[in-house]
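The following exercises concern the contacts within and between the chains of one structure. Each task is followed by a worked solution that proceeds step by step.

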Amino acid sequence: MLLDYDRLGWLKVVLLAFTTLVAAFLLLPVVFIVLLSFGSSRWLAFPPPGWTLKWYQELFADPSWIEAALTSARIATMTAILAVAIGLLASFALVRGQFGGREILRGLLLTPMVLPVVVFAIAIYAFFLRLGLGGTTVGFVVAHTVLALPFAIIPIATALEGFDKSIEDAAIVCGASPLQAKFRITLPSIRIGIFSAAIFSFLASWDEVVVAIFMASPTLQTLPVKIWGSLRSDLTPVIAAASSLLVALTLALMIVTALLRRKLQT
Amino acid sequence: MSVEAQQGIATPRIPAGLGGLLPALMLIGLFFVVPVLALLLRSVTDPAPGLQNYAALLGDGTYARVFFNTFLVAAVVTIVTVLVAFPVAWMLAIMPPALASILFGIIILSMWTNLLTRTYAWMVLLQRTGVINRALMGAGIIDQPLPLINNLTGVTIGMVYIMLPFMILPLVGTLRAIDPMTLRAAALCGASPLAAFRRILLPLSLPGIAAGGLMVFVMSLGYFVTPALLGGTSNMMLAEMIAQMIQSLLNWGLGSAAAFVLLVVTMALYALQLRLVGARRTTGGA
């Protein structure tokens, strides 16, 4: 009976109450930060004595926040494009290739996801110092693409595994060139995987803190580095305003993902 | 699709299909494998060739405490995460779809929200004059603010918050794969709910708990941001110590040796986790 929702009895009440508590726990920081960003207290008193938009004004009046956000957007976009392109090619080889050691190669390409980021961060930091790539956009994009690649490969490879290759072969039999068949049959069929890969690799770069802390220079800062620096000096409500905008972005991404999924699946 | 089925259709393409892997392998080889190996090399050559960095690391009480703390925090976080995640995953697996999708939405929102944003929120919530202390004092439960931040409590709350989705989501899959009939049968045969839980539900979900728990443990071991912001100086974790050795102390030899220790431990546990998941897949597929 334990797996029948309607026949759990009193246990259902207990479990549902607990689940509600956990859901509240998960929502608490997100809701709290948004409310805080509109509160008028510089010392983050809560509930706030009054409501204001001044932290948002302060945020937009400070060019360093805007610049950091634009830098992050630029690096994350380039990372997503590179990771999806490289990941797409790699996924085709991993899923369809006929060579020994495929599992080992797949494991190797996914390793950046499991290795503690701090280890990779100091390794690539030292390496780029030697190559003169430290603190450059190229350096950021390359390092973030390494970290994002697993998040691109997993959804694309999964989608490709679920795609019946005989449809692509049928197109070739009907006269399409192999490349045409790939572009007009296969890629559209796995577009949900490609789309997820783009979102995940964008977020992998956009939210990345550790490598960015090491790589950042006074002239090139991503948004997480800017937030990190502010957090270490004081807990100003401007961070809450910036954070709330990030929450809004997350919500927008979730809605777009849900809508696109629904549209693409039909 | 079997290999024979694929070979049966003769489409002209590069025989091995290895070409597509070249860009990925070049990227990972040049900018991941080489830098990590160079770091490893540095740990035995900087400042002089030899194993003195490792000797210093393993022989010193201060470092031993950091190692101990790292494992302690990771273990506490894993245990709390498993205990909290299990009932939630259980409900998610069986609740009506409409309710489940709201809950999934909340989980994804928390998971996708910027890591620093979430940590900042906990810093403000948990501080001495923060909402939680004020609420507890206002309710008369305590009369002194509790030290909730810059200690083990703060790190545990912040880390459990981050790890919960990584435990809940895979566990839902495990629980959904269990046939409800087995539990109905147990009830019919007179098993009490407790007995059914202990002898059927728990053992059947154990592979999922073990695999998810191990993943949370591995992720916690190497975590940097949350411990650095919510933890105290007296319970520093390994990742923070590595960052400090490199960034503030510029001690590359010691820092890279510590990084290599973290790498070896993580990879060993990851290999174990892969075997657990692999074992679950083969038994689940049979």
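A polar contact is a pair of N or O atoms within 3.5 Å; within protein, one atom must be able to donate a hydrogen and the other to accept it, and residues adjacent in sequence count only if both atoms are side-chain atoms. The model treated here is a predicted one.

**Exercise 1. Polar contacts and salt bridges between the chains**

Task: Determine how many residue pairs are in polar contact across the interface of chain A and chain B, and which element contributes the largest share of the side of chain A.

Solution:
1. Under the definition above, eight residue pairs are in polar contact across the interface of chain A and chain B, both residues being at pLDDT 80 or more.
2. On the side of chain A that touches chain B, helix 1 of chain A (residues 10-37) gives the largest share, with 16 residues.
3. Sorted by class, that side of chain A comprises 72 nonpolar, nine polar and 10 charged residues.
4. Side chains of opposite charge can pair when their charged atoms come close.
5. Between chain A and chain B, the count is one salt bridge.
6. The partners are A:D4 and B:R184, whose closest N and O atoms are 2.7 Å apart; a salt bridge requires such atoms to lie within 4 Å.
7. Over all chains, the count comes to seven salt bridges.
8. Because B:R184 lies in helix 9 of chain B (residues 180-188) and A:D4 in the segment before helix 1 of chain A, the pair joins two chains.

**Exercise 2. Extent of the interface**

Task: State how much area chain A and chain B bury between them, and which three residues of chain A supply more of its share than any other three.

Solution:
1. In chain A, 91 residues are in contact with 87 residues of chain B.
2. The two chains bury about 8300 Å² between them, and carbon and sulfur atoms account for 81% of it.
3. A:L2, A:L3 and A:L26 supply 10% of the area that chain A buries against chain B, more than any other three residues.

**Exercise 3. An aromatic pair**

Task: Describe the geometry of the aromatic pair formed by A:F25 and B:W122, and locate both residues.

Solution:
1. The whole structure holds 17 aromatic pairs over all chains.
2. In the pair of A:F25 and B:W122, the distance is 5.3 Å centre to centre and the angle between the planes is 40°, a tilted arrangement.
3. The pair crosses between chains, running from helix 1 of chain A, which holds A:F25, to helix 6 of chain B (residues 115-126), which holds B:W122.

**Exercise 4. Two domains of chain A**

Task: Characterise the contact between domain 1 and domain 2 of chain A.

Solution:
1. The domain assignment of chain A places domain 1 at 5-37 and domain 2 at 63-265.
2. Their C-alpha centres lie 32 Å apart.
3. Five residues of domain 1 are in contact with five residues of domain 2.
4. The area buried between these domains is about 390 Å², with 82% from carbon and sulfur atoms.
5. The side of domain 1 that touches domain 2 has four nonpolar, one polar and no charged residues.
6. Between the two domains there are zero salt bridges and two residue pairs in polar contact, both at pLDDT 80 or more.

**Exercise 5. Backbone features of chain B**

Task: Where in chain B do B:P47 and B:N150 lie?

Solution:
1. B:P47 lies in the loop between helix 2 (21-43) and helix 3 (52-59) of chain B.
2. A cis peptide bond joins B:D46 and B:P47, with omega of about 5°.
3. B:N150 is in the loop between helix 7 (131-138) and helix 8 (152-176) of chain B.
4. Although B:N150 is not a glycine, its phi is positive, at about 60°.

Technical notes:
Residues are numbered from 1 along each chain as its sequence is written. Chains are lettered from A and ligands numbered from 1 in the order in which they are written. This is a predicted model: local features need pLDDT of at least 70, side-chain atom pairs count only at pLDDT 80 or more; totals for chains, interfaces and linings use all residues. Side-chain values use heavy atoms; hydrogens and water are left out. Domain bounds come from an automatic or database domain assignment. Contact means heavy atoms within 4.5 Å. Buried area is the accessible area (1.4 Å probe) that two parts lose on being put together, summed over both. A salt bridge is a side-chain nitrogen of Lys or Arg within 4 Å of a carboxyl oxygen of Asp or Glu. Ala, Val, Leu, Ile, Met, Phe, Trp, Tyr, Cys and Pro count as nonpolar, Asp, Glu, Lys and Arg as charged, and the others, Gly among them, as polar. Helices (H or I, at least four residues) and strands (E, at least two) are DSSP runs, numbered from the N terminus. Rings of Phe, Tyr and Trp (its six-membered ring) pair if their centres lie within 6.5 Å; planes under 30 degrees apart count as stacked, over 60 as edge-to-face and the rest as tilted.
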